[in-house]
Amino acid sequence: MLIEAMAKCLMVVLFFARCAFASDVNAPQTGSSLSENYLALLWHHRLYLYAAAALVVGLWVSLKVALSRKSGEKDAVSGAIKQEEPEVHVSGVKIFYGSQTGTAKGFAKVLSEELKALGFPAEVIDMKDYDPDDRLADECVSGSVCVFLVATYTDGQPTESAEWFCKWLEDASTDFRYGRTYLKGLRYAVFGLGNSVYVGHYNTVCKNVDKWLWMLSAKRLMTRGEGDCNVVKSRHGSVQADFQAWKGKFLSRLQALATGEKKTCSGKNCKTGSSCKSKKEEEEASKETGSEAELVESSSDEDESDLTGEKRSVVDLEDLGNLMKNAKKAKGKNGPQLDGEVVKFSKLNGVKKIDDDDGERREMITAALREALTKQGYKLIGSHSGVKLCRWTKSMLRGRGGCYKHTFYGIESHRCMETTPSLACANKCVFCWRHHTNPVGTEWRWKMDPAEKILQDALEKHQDMIRQFRGVPGVKPERYEEGLAVKHCALSLVGEPIMYPEINAFIRLLHSRRISSFLVTNAQFPEEIRSLEPVTQLYVSVDASTKESLKKIDRPLFKDFWPRFLDSLKALGEKRQRTVYRLTLVKAWNVEEMQAYAELIALGQPDFIEVKGVTYCGESSASTLTMANVPWHQEVVAFVQQLAAMLPEYEVACEHEHSNCLLIAHKKFKLDGDWWTWIDYERFQDLVQAQQDSGGRQTFSALDYMARTPSWALFGAREQGFDPADTRFQRRNKTKDISGC
């Protein structure tokens with residue numbers, strides 16, 4: 001309508017202009033003045049021309065306005081449609097895990113369940129089943145978030161399931177053919193599982209994965225999380241608690257990301273020059289974060305070290321103010337070194353509080369560890385000890401035979417208590433029959449229970465377990481009554497008992513109750529061996545004879561494990577009481593090192609050498625050991641005979657076929673052709689008491705409390721080490737039982 005009206009107005013103006021022009025032209029004119037008349041006419045009727053031009057401009061402006069209104073209506077409609085279909089910022093979460101013992105896998109499942117509860121599609125992926133070369137680049141455009149839960153294994157290497165994934169990622173990060181932007185658009189978060197007692201290898205794998213992803217331009221959503229299995233150094237008390245804390249932060253970050261919220265800055269001036277937070281908001285945020293930001297982490301989400309593994313030599317100017325402020329706060333609050341607390345700069349450009357030995361210590365047994373050990377039948381004592389009923393104790397209660405210690409040394413298996421004052425160990429042996437559920441450490445850093453309480457509780461719990469056999473078919477009444485009175489204590493249940501700072505007090509308490517002591521150590525604490533008071537029999541585990549094989553089999557925590565191992569053997573040789581080398585044979589691992597074993601025996605000069613085939617305790621994700629690694633008894637016999645032939649001062653003395661174990665004894669225990677490997681336990685207790693009464697002036701040796709070995713226990717006897725007073729029991733569908741304690 002507007003266009004039509006404007007067109008009519010223009011026609012009217014042009015009509016009047018034409019009429020006026022025509023009247024002037026019809027007047028008589030000469031040729032010379034014709035052009036002048038036209039110009040004059042145009043000048044006289046210029047108002048009509050201006051009006052026409054104004055109408056044309058108005059028409060053009062009106063058209064533009066009408067068209068813009070129409071496009072505005074279209075935009076409003078399309079905007080409404082967009083509001084109905086919001087943008088998806090997170091299409092799902094893919095959780096990759098690399099696990100050896102199953103902990104990372106368990107964390108992945110827990111995270112997946114919580115993500116699904118929050119409405120996020122989640123997928124759990126084992127790294128060994130994923131080909132990063134073909135599929136990882138697709139995650140850059142899929143809209144998903146990738147989470148990597150990776151454990152660090154021996155020598156800082158990835159687990160077997162994550163080995164190929166990490167190898168590919170490392171190669172891609174340095175291969176020019178992939179390019180620096182190969183994973184641009186990939187959003188990720190990393191959580192590592194490690195143990196800080198492995199100095200130099202703590203969470204190496206998760207640090208490397210984080211570094212390699214960053215080098216390929218992937219975007220980190222949050223700070224890398226590092227879980228610590230060492231409860232002493234763990235930030236939250238255990239690796240499970242570390243994961244819970246990291247998981248909470250990750251879920252919060254993911255929910256913010258799903259709503260399109262960008263990561264907020266820490267209140268510093270942005271690179272654009274504008275401040276993201278007011279000063280008041282910054283102060284309130286700093287108050288809310290409190291000591292955690294000051295003593296644990298920096299305010300930045302980035303590590304202070306660059307991702308090439310080198311420490312940063314400079315600090316950004318925008319971080320310098322917060323760094324100095326945190327340092328002043330920590331110094332003003334705690335002092336430079338006050339009440340046993342040492343303030344140091346942390347790795348995250350923050351301030352960290354480190355407690356010394358006098359500070360409050362954590363308990364060795366965490367909630368998760370307590371649950372795992374309880375499922376395995378342990379009766380836990382206090383915060384770091386345990387007791388468990390040996391299967392040979394049960395067997396001898398029924399009159400079905402005793403363990404190899406009964407055959408070799410004359411202990412009464414039904415009166416033996418198997419316990420430990422320290423569940424922690426300094427090794428992670430491949431044949432560990434506890435499947436590495438116990439904690440590890442190189443020094444005592446936990447709360448400590450008194451020796452009196454540990455022994456009293458151990459005896460009570462052991463007696464409670466014996467009482468459960470009252471009235472059980474097959475249990476001999478006289479042995480049941482004897483079993484309630486503990487006569488022997490095997491400090492070999494699990495862990496490293498010699499780590500317990502009050503081990504000497506514990507041994508004295510045993511002897512005061514006339515309980516014999518059999519202590520086993522893993523040859524990593526030579527000074528503790530030297531300071532150990534006399535025990536009935538002291539064992540050192542010699543699981544390998546070379547540095548390489550010992551590292552492979554025992555997987556020790558100490559960097560100087562080999563010097564410690566050799567020094568422990570020397571310390572054993574300085575003892576006057578009975579000493580034993582304990583060799584565990586693992587087929588295809590350590591049975592070929594005959595000459596090296598002979599050299600180690602010459603170093604420590606033990607009284608006895610126990611050689612035992614490894615016991616297979618079932619499949620374990622923590623070990624690659626299989627039944628193929630278990631030697632037959634005939635193979636153990638052949639090994640022992642070859643080893644004894646290389647030792648002029650030793651002979652094969654005893655055999656316990658149903659434990660797959662043999663004893664090599666020093667010839668000083670062979671008198672007039674008879675072996676005296678058994679122990680006179682009453683005589684030993686008298687000698688210990690006499691030494692204590694004399695203030696240590698009266699000493700004694702292994703030869704002072706030996707007893708004659710019965711014929712059935714000797715090597716080559718028809719009984720093969722089985723006590724004829726008992727009845728051998730064969731399990732159904734099994735022709736041979738080669739397991740042992």
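Visitor: Which residue follows helix α16, and what is the sign of its phi?

Guide: The residue that follows α16 is R514, and its phi is positive, near 60 degrees. Please keep in mind that this is a predicted model. A comparable case is Q605, which follows α20 and whose phi is positive, near 45 degrees.

Visitor: What makes helix α16 "mostly covered"?

Guide: Helix α16 spans residues 503-512, and seven of its 10 residues are buried, which is what the description refers to. A residue is called buried when its relative accessible area is under 20%. In α16 the residues on that side of the cut-off are I503, N504, A505, F506, I507, L510 and H511.

Visitor: What covers those buried residues of α16?

Guide: The cover includes helix α14, strands β13 (488-491) and β14 (516-521), and helix α22 (681-693).

Visitor: Strand β13 holds H488, so how do you know whether H488 is buried or exposed?

Guide: The value for H488 is 1% relative accessibility, and since buried means under 20%, H488 counts as buried. Leaving aside its neighbours within four places in sequence, H488 is in contact with I411, E412, R415, C416, M417, I515, S516 and Y681. One of these partners, E412, is 76 residues away along the chain, although the C-alpha atoms of H488 and E412 are separated by 7.7 Å.

Visitor: Why is E170 called partly exposed, and why does D210 get another label?

Guide: E170, which lies in helix α6 (residues 163-174), has 34% relative accessibility; because partly exposed covers what falls between under 20% and over 50%, E170 counts as partly exposed. D210, which is found in helix α7 (residues 204-215), has 1% relative accessibility, and as this is under 20%, D210 counts as buried. For their positions in the fold, the C-alpha atoms of E170 and K211, 41 residues apart along the chain, are separated by 9.1 Å, while those of D210 and T223, 13 residues apart along the chain, are separated by 9.7 Å.

Visitor: What makes the pair of helices α20 and α21 "oblique"?

Guide: Helix α20 (residues 594-604) and helix α21 (residues 633-645) pack at an angle of about 55 degrees, with their axes 10 Å apart. That angle is not under 35 degrees, not over 145, and not in the range of 65 to 115, and α20 and α21 are therefore oblique to each other. Their crossing is right-handed, and the contact is made by M594, Y597, A598 and I601 of α20 together with F639, Q642 and L643 of α21.

Visitor: How many residues of each class are in that contact of α20 with α21?

Guide: The contact has six nonpolar residues, one polar residue and no charged ones. An α-helix has 3.6 residues a turn, so residues three or four places apart point the same way. In α20 the buried residues are M594, A596, Y597, A598, L600, I601 and G604, and besides α21 they pack against α19 (561-573), β16 (578-585), β17 (608-613) and β18 (650-656).

Visitor: What is the angle between helices α4 and α8, and which residues make their contact?

Guide: The axes of α4 (residues 103-117) and α8 (residues 239-258) cross at roughly 30 degrees and come within 11 Å, in a right-handed crossing. On the α4 side the contact is made by F107, V110, L111, E114 and L115, and on the α8 side by V239, Q240, F243, K247, F250, L251 and L254. Sorted by class, the contact has nine nonpolar, one polar and two charged residues.

Visitor: Which residues have the most contacts inside the largest nonpolar core?

Guide: That core has 83 residues, and those with the most contacts inside it are V542, L583, I609, V611 and L643. Its largest share, seven residues, comes from helix α14 (residues 451-467). Apart from this core lies another, of 30 residues, among them F408, Y681, V688 and Y705. As for V542, not counting residues up to four places away in sequence, the residues it touches are F565, L569, Y581, R582, L583, T584, Y597 and L600.

Visitor: How many helices and strands are there in the protein, and what share of its residues is buried?

Guide: The protein has 22 helices and 23 strands, and 48% of its 741 residues count as buried. Of the contacts with a separation of 6 or more, 74% are between residues 24 or more positions apart.

Terms used. Residues numbered from 1 in each chain as written. Predicted model: local features only at pLDDT ≥ 70, side-chain atom pairs only at ≥ 80, totals over all residues. Heavy atoms only, no water. Axes fitted to C-alpha atoms, helices over the stretch in contact; angles between N-to-C directions. Helix = DSSP H or I, 4+ residues; strand = E, 2+ residues; numbered from the N terminus. Left-handed = near helix turned anticlockwise from the far one by under 90°. Contact = heavy atoms within 4.5 Å. Nonpolar A, V, L, I, M, F, W, Y, C, P; charged D, E, K, R; others polar. Core = buried A, V, L, I, M, F, W, Y, C linked by side-chain atoms within 4.5 Å. Buried < 20%, exposed > 50% of the residue type's maximum accessible area, 1.4 Å probe, protein only.
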